[in-house]
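I open this notebook to look up which charged side chains pair with one another, and where in the fold those pairs sit.

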Amino acid sequence: MGVIVNKNNQMDNELSRRIDADLRARAMETSDISGEDPDLAEDAEYLKDLKKTSKFGWVWVVLIVLAIISLISIALPIR
């Protein structure tokens, strides 16, 4: 058996819109950067002299995996 519920969505939508607008306005007032998402992780002191990985960083991963496979094949010969 089903229950049909009628709800006044227009009133709820208006309230949700007003709450959303109020919270957005408060967030903009309290933030120092308007419209930008700050990335504070890159501002850390210990990251000052580090460089980002180049687009060929995946080659190192492949080489390490191949080295591990070769070491395993040397250590455990096929009988």
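Entry 1. I began with D20 and R24, which are four residues apart in helix 1 and thus separated by about one helical turn. The model I am reading is a predicted one, and in it the side chains of D20 and R24 meet in a salt bridge, with 2.9 Å from N to O. I then looked up the exposure of the acidic partner, and D20 counts as partly exposed, its relative accessibility being 38%.

Entry 2. I next turned to E14, and asked which residue it forms a salt bridge with. The partner is R17, and I noted 2.6 Å between the closest N and O atoms of the two side chains. E14 and R17 are three residues apart in helix 1, which spans residues 9-30, so that about one helical turn separates them. For the surroundings of this pair I looked up both ends: E14 has a relative accessible area of 35% and is partly exposed, while R17, with a relative accessible area of 48%, is partly exposed too.

Entry 3. I then looked up D22, which forms a salt bridge with R26, the closest N and O atoms lying 3.4 Å apart. I wrote down that this distance falls within the 4 Å that the salt-bridge rule allows between a side-chain nitrogen of Lys or Arg and a carboxyl oxygen of Asp or Glu. Both D22 and R26 lie in helix 1, at a spacing of four residues, or about one turn of the helix. Is R26 buried or exposed? R26 has a relative accessible area of 51% and is exposed; because exposed means over 50%, I record this value with its cut-off beside it. D22, at 37% relative accessibility, counts as partly exposed.

Entry 4. I checked the tally, and by the rule applied here the count comes to three salt bridges.

Entry 5. Last, I looked up the chain as a whole, to have a setting for these pairs. Its secondary structure comes to two helices and zero strands. How many of the 79 residues, as a percentage, count as buried? The figure I noted is 1%. The accessible surface of the chain comes to about 8,500 Å², and 61% of that surface belongs to carbon and sulfur atoms.

Definitions and conventions:
Residues are numbered from 1 along each chain as its sequence is written. This is a predicted model: local features need pLDDT of at least 70, side-chain atom pairs count only at pLDDT 80 or more; totals for chains, interfaces and linings use all residues. Side-chain values use heavy atoms; hydrogens and water are left out. Buried means under 20% relative accessible area, exposed over 50%, partly exposed in between (1.4 Å probe, protein chains only). Accessible areas come from the Shrake-Rupley method with a 1.4 Å probe; for residues, only the protein chains shown count as cover.
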